[in-house]
Amino acid sequence: MKLVYVFDAYCGWSHGFSPTLREVMSLHPELDVDVVSGGLFTGSRRVPIREFGYVQGANARIAELTGAEFGEAYDRLIADGSFVMDSHAAARGVAALRQTAPARAVELATELQHAFYVDGLSLSDPTTYRKIAARAGLDEDEVAGAFEATESRAAAEADFARAAELGVDAFPTLLAIDGDRVTVLANGHATTEEVERRLTAFASTRSS
C-alpha cells in the first residue's frame with residue numbers, strides 16, 4: 001500500500017492541510033508517498049489574483065478551520081491584486097525539490113507552501129528555491145538548476161496528467177492505493193483522526 005498526495009502549491013486548502021499531512025506521515029513512516037502537483041492555476045486560470053475575488057474570504061475560512069498561517073509578507077505580495085499564481089511554475093518547483101531529495105518530498109512540498117503563504121515569495125522565482133534549499137540543507141545550485149531545467153517542465157506536465165488519470169479535480173486530495181484498490185483519505189479539509197480512521201478501515205479490507 002502507498003499514499004498519493006495530490007495538491008497545488010498555490011492552493012490555500014492544501015496549505016491548511018499541511019500539518020495534518022505531516023502528522024499522518026510521522027505516524028506512518030513505513031508508507032511511501034507520491035507527491036503530485038494538480039495544476040490549479042494554469043491556462044485560462046493563470047491570471048492576476050484580483051480575478052479570484054474569493055481568495056481573502058477563503059483564506060480566512062482556512063485559517064479558522066485549520067489554524068494555517070497567512071503571513072504579512074504574503075498579504076503584501078497580493079495586496080494590489082496583480083500577482084499571478086502560475087501552477088506550472090510551482091509544479092516545476094515541486095519536481096525540482098522532489099528530484100533533489102525524494103525521501104523528503106512531503107516535507108519540501110509543505111515548505112514550498114510556507115514560502116508563499118507565510119514568507120510571501122513567488123513560486124515562479126528561482127531565488128525562492130534557493131531559499132527553500134538553504135533552509136532544508138540542500139544544495140542551492142542543484143535545486144535552482146533543477147527548477148530551470150527542461151526536465152522539470154516535463155515532470156510538471158506528467159504530474160498534471162497523473163492527477164487527471166486518478167480522477168482528482170479538487171485539492172488537496174490524499175489517496176491510499178493498494179493494487180487496483182483506491183480510497184480517498186482526505187479531500188479538502190480533514191483532521192489527522194479522520195485520515196487515520198479511513199486509512200485503518202481501508203487497510204482492514206486488504207485481501208489476505
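Is A201 buried, partly exposed or exposed? Hello everyone, and let me answer that straight away. A201 is partly exposed, with a relative accessible area of 42%. On this scale, buried means under 20% relative accessible area, exposed means over 50%, and partly exposed is in between, using a 1.4 Å probe and protein chains only.

Some housekeeping before we go on. This is a predicted model, so local features need pLDDT of at least 70 and side-chain atom pairs count only at pLDDT 80 or more, while totals for chains, interfaces and linings use all residues. Residues are numbered from 1 along each chain as its sequence is written, and side-chain values use heavy atoms, with hydrogens and water left out.

Back to A201, which sits in helix α9. Helices here are DSSP runs of H or I with at least four residues, strands are runs of E with at least two, and both are numbered from the N terminus. From A201 to E64 the C-alpha distance is 29 Å, with their positions 137 residues apart in sequence. R197 is also placed in helix α9. R197 is exposed, at a relative accessible area of 52%. Its C-alpha lies 8.7 Å from that of L185, and the two are 12 residues apart in sequence.

Now, what does α9 pack against? The axes of helix α1 (residues 12-27) and helix α9 (residues 192-204) come within 9 Å and cross at roughly 45 degrees. That makes α1 oblique to α9. For the geometry people: axes are lines fitted to C-alpha atoms, for helices over the stretch in contact, and angles run from 0 to 180 degrees between N-to-C directions. Angles under 35 degrees count as roughly parallel, over 145 as roughly antiparallel, 65 to 115 as roughly perpendicular, and the rest as oblique. The α1 and α9 crossing is right-handed; that is, the near helix is turned clockwise from the far one by less than a right angle, whereas anticlockwise would be left-handed.

Which residues of α1 and α9 meet? On the α1 side they are F17, T20, E23, V24 and L27, and on the α9 side T192, V195 and E196. Contact, by the way, means heavy atoms within 4.5 Å. Sorted by class, this contact of α1 with α9 has four nonpolar, two polar and two charged residues. The classes are Ala, Val, Leu, Ile, Met, Phe, Trp, Tyr, Cys and Pro as nonpolar, Asp, Glu, Lys and Arg as charged, and the others, Gly among them, as polar.

Let's move to another helix pair. The axes of α4 and helix α5 (residues 105-117) come within 9 Å and cross at roughly 145 degrees, and this crossing is right-handed too. A90, G93, V94, L97 and R98 of α4 make the contact with A105, L108 and L112 of α5. By class, that gives six nonpolar, one polar and one charged residues.

While we are in α5, have a look at H114, which belongs to that helix. H114 is partly exposed, with a relative accessible area of 30%. Setting aside neighbours within four places in sequence, H114 is in contact with D119 and R135. V143 is 29 residues from H114 along the chain, and their C-alpha atoms are separated by 17 Å.

On to charges. How many salt bridges does a search of the whole structure find? There are 11, where a salt bridge is a side-chain nitrogen of Lys or Arg within 4 Å of a carboxyl oxygen of Asp or Glu.

One of them joins E148 and R92, with the closest N and O atoms 3.8 Å apart. E148 lies in helix α7 (residues 140-148) and R92 in helix α4 (residues 87-100), so the pair ties together parts that are 56 residues apart in sequence. E148 is partly exposed at 45% relative accessibility, whereas R92 is buried at 9%.

Another is D159 with R98, at 2.9 Å between the closest N and O atoms. D159 is in helix α8 and R98 in helix α4, so this pair links distant parts of the chain, 61 residues apart. D159 is buried, with a relative accessible area of 8%.

E107 and R104 also form a salt bridge, at 2.8 Å from N to O. E107 is partly exposed at 26%, and R104 is partly exposed at 26%. There is also a network of salt bridges linking K2, D34 and R162.

One last detail: the peptide bond from F171 to P172 is cis, with omega near 0 degrees. P172 is in the loop between α8 (150-165) and β3 (173-178). Thanks for listening!
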